[in-house]
Amino acid sequence: MLILTVTTALAACGDSDKATTAGPTTPAATSAAPSAVATSAAATPASSPAGGAATDKQLCEAVKKASDEMRAEMVKVVTTGEASAADFKKILTGLEQKVTAAAATGDGKLADAVRTFGAEAAKAAAAADPATAADNPAFEKAGKDVSAACKATGVSVVL
């Protein structure tokens, strides 16, 4: 039930025509990158060629990559057994690190929205029960704000 709550909350944060859950389904063929590698990997695709701030589209692409990796990790955890609080903490911490690193490459309203989402992910990860903590209106709103702003750039992100 706990898994369903988190995956539903995370899926609800995206746009409805692209929303999916990471419930008990067949795992994706790709493997998730370990969350320790997250910080530098997320920043690389978002940096602009001129070395300035990333464009909104580049920022959204980095956030999408982080979201996709988080979902793959969630599927892996769910299909291997019952997910623990430590599993959710690891997944949410990895997501927070990746989106925070991506937000650091941008500026403006979108980067601020991504930072807010990262802060909400960090709060949930720090809770005794991260899955339950992630199921809250502030986290959902932050995800919807980023998803809507990224949709405007042509990048479909489901947070």
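**Exercise 1. At what angle do helices α4 and α5 pack, and how far apart are their axes?**

Solution. Helices α4 and α5 (DSSP runs of H or I with at least four residues, numbered from the N terminus) pack at an angle of about 160°, and their axes are 8 Å apart. Here the axes are lines fitted to C-alpha atoms over the stretch in contact, with angles running from 0 to 180 degrees between N-to-C directions. The model is a predicted one, in which local features need pLDDT of at least 70 and side-chain atom pairs count only at pLDDT 80 or more, while totals for chains, interfaces and linings use all residues. Residues are numbered from 1 along each chain as its sequence is written, and side-chain values use heavy atoms, with hydrogens and water left out.

Since angles over 145 degrees count as roughly antiparallel and those under 35 as roughly parallel, α4 and α5 are therefore roughly antiparallel to each other. The contact (heavy atoms within 4.5 Å) is made by residues including Leu92, Thr93, Leu95 and Val99 of α4 and Val114, Phe117, Gly118 and Ala121 of α5. The residues of this contact of α4 with α5 divide into 12 nonpolar, 3 polar and 3 charged.

**Exercise 2. Describe how α3 packs with α5, and state which residues make the contact.**

Solution. Helix α3 (residues 56-79) and helix α5 (residues 109-126) pack at an angle of about 20°, with axes 10 Å apart. By the cut-off given above, α3 and α5 are therefore roughly parallel to each other. On the side of α3 the contact is made by Asp56, Leu59, Cys60 and Val63, and on the side of α5 by Leu110, Ala111 and Val114. Sorted by type, the residues of the contact of α3 with α5 comprise 6 nonpolar, no polar and 1 charged.

**Exercise 3. Which residues of α5 are buried, and what covers them?**

Solution. The buried residues of α5 (under 20% relative accessible area, with a 1.4 Å probe and protein chains only) are Leu110, Ala111, Ala113, Val114, Phe117, Gly118, Glu120, Ala121, Ala124 and Ala125. What covers these residues includes α3, α4 (85-103), α6 (130-134) and α7 (137-152).

**Exercise 4. Is Thr93 buried or partly exposed, and how far does its C-alpha atom lie from that of Met70?**

Solution. Thr93 belongs to helix α4, and because its relative accessibility is 25%, Thr93 counts as partly exposed. The C-alpha atoms of Thr93 and Met70 are separated by 9.8 Å, although these residues stand 23 residues apart along the chain.

Conventions
Helix = DSSP H or I, 4+ residues; strand = E, 2+ residues; numbered from the N terminus. Parallel < 35°, antiparallel > 145°, perpendicular 65-115°, else oblique. Nonpolar A, V, L, I, M, F, W, Y, C, P; charged D, E, K, R; others polar. Buried < 20%, exposed > 50% of the residue type's maximum accessible area, 1.4 Å probe, protein only.
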